[in-house]
Amino acid sequence: SFSFPLNGAMSRDGSISYIASNANTALRSVNLKTGEVSTLAGDGKDGKRDSNNIFKEPARFRWPMGVALTPNNEYLLVADQYNHRIRVVDTETGEVRTVAGWVQGFQDGGVIARDTGDADDFAAAMFNTPRGVAVHSGGDHLVVYVADSANHAIRKVQVSLKDKIGKSSKDACGKTGCIDDRNIVVRSKGN
């Protein structure tokens, strides 16, 4: 069942609708020909884990809000409102990856937290309660416009399909420490 279904996106041919079911913390797909409803991603529990995480648990959201399909219907972009992230869901497999955002805030920077040997180089994009997304394909990359609501801004993010879709923001490490899947900074001296 749905709980606070607020936003949706329709496939190009009009056969499938993807719905952000906010309070269920899930994304649903509706086959408009048969009326069948299925869960594409999310398991009804709050969380920020991507697919294929070290805990082998399902991907989780925290009030997914805005959704937008890529022009080829291959990926569904999601404004994961209370995780302050932009996520992408493979519409065939349901695999979820974070493509922008890290923790709540306002900062331009690398699309996601990345491994770096220089702590000064560690600058990830930050959002504050993103509620909407729109996507434009530019060949091997996507241009994603984000309604970053609590920052009162429309942000533009360019995502390379080759580099970002397959990588998660978890486990970013530098000389001064690592950030794990729960955004805990672990610092070390001389290691």
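## The loop between strand 4 and strand 5

K56 lies in the loop that runs between strand 4 (37–41) and strand 5. In this predicted model, the phi of K56 is near 55°, a positive value in a residue other than glycine. Most residues other than glycine have a negative phi. Because its relative accessibility is 77%, and the threshold for this class is over 50%, K56 counts as exposed.

W63 belongs to the loop between strand 4 and strand 5 as well. With a relative accessible area of 26%, W63 is partly exposed.

## Overall composition

The protein contains 14 strands and 0 helices. Read from the N terminus, its elements therefore form the series β-β-β-β-β-β-β-β-β-β-β-β-β-β.

Of the 191 residues, 49% count as buried. The protein exposes about 9500 Å², and carbon and sulfur atoms supply 49% of that area. Among contacts between residues at least 6 apart in sequence, 38% join residues at least 24 apart.

## The sheet of strands 1 to 4

Strands 1 to 4 make up an open sheet of 4 strands in the order 1-2-3-4, with antiparallel pairing. Strand 1 (5–10) and strand 4 are the edge strands, each pairing on one side only. From one strand to the next, the twist averages 30°.

Strand 3 (residues 26–31) pairs with strand 4 in the antiparallel sense over 4 bridges. Within this part of the structure, L27 has A41 in strand 4 as its bridge partner. E36 is found in the loop between strand 3 and strand 4, and counts as exposed at 52% relative accessibility. Leaving aside residues up to four places away in sequence, E36 touches S29, V30 and N31. The C-alpha atoms of E36 and I16 are 9.8 Å apart in space, while the two residues are 20 residues apart in sequence.

## The sheet of strands 5 to 8

A further open sheet of 4 strands has the order 5-6-7-8, again with antiparallel pairing. Its edge strands are strand 5 (64–69) and strand 8 (96–101), each of which pairs on one side only. Neighbouring strands of this sheet are turned by 25° against each other on average, direction ignored.

Strand 6 (residues 75–80) and strand 7 (residues 85–90) run antiparallel and are joined by 6 bridges. The bridge partner of V78 in strand 7 is R87. The charged end of R87 also sits over the ring of F61, 4.9 Å from the centre of that ring. In the loop between strand 5 and strand 6 lies N73, which has a positive phi of about 65° although it is not a glycine.

## An aromatic pair between two loops

The count of aromatic pairs comes to 1. W63 and Y82 form this pair, with an edge-to-face arrangement: the distance is 6.4 Å centre to centre, and the angle between the planes is 65°. The edge-to-face label follows because planes over 60 degrees apart are assigned to that class.

The pair links distant parts of the chain, since W63 is in the loop between strand 4 and strand 5, whereas Y82 is in the loop between strand 6 and strand 7, 19 residues apart. Y82 has a relative accessible area of 32% and is therefore partly exposed.

## The hairpin of strands 10 and 11

Strand 10 (residues 141–148) pairs with strand 11 in the antiparallel sense over 8 bridges. Opposite D148 stands A153 in strand 11. The hairpin has 4 residues between the strands, and in it H152 takes a positive phi near 55°.

The side chains alternate along strand 11 (residues 153–160). A153, R155, V157 and V159 point to one face and are buried, while I154, K156, Q158 and S160 point to the other face and are not buried. R155 also takes part in a charge-over-ring arrangement, in which its charged end sits over the ring of F106, 4.4 Å from the ring centre.

Note on methods
Residues are numbered from 1 along each chain as its sequence is written. This is a predicted model: local features need pLDDT of at least 70, side-chain atom pairs count only at pLDDT 80 or more; totals for chains, interfaces and linings use all residues. Side-chain values use heavy atoms; hydrogens and water are left out. Buried means under 20% relative accessible area, exposed over 50%, partly exposed in between (1.4 Å probe, protein chains only). Helices (H or I, at least four residues) and strands (E, at least two) are DSSP runs, numbered from the N terminus. Two strands pair if DSSP finds at least two bridges between them. Axes are lines fitted to C-alpha atoms, for helices over the stretch in contact, and angles run from 0 to 180 degrees between N-to-C directions. Rings of Phe, Tyr and Trp (its six-membered ring) pair if their centres lie within 6.5 Å; planes under 30 degrees apart count as stacked, over 60 as edge-to-face and the rest as tilted. A charge sits over a ring if NZ of Lys or CZ of Arg is within 6 Å of the ring centre and within 35 degrees of the ring normal. Contact means heavy atoms within 4.5 Å. Accessible areas come from the Shrake-Rupley method with a 1.4 Å probe; for residues, only the protein chains shown count as cover.
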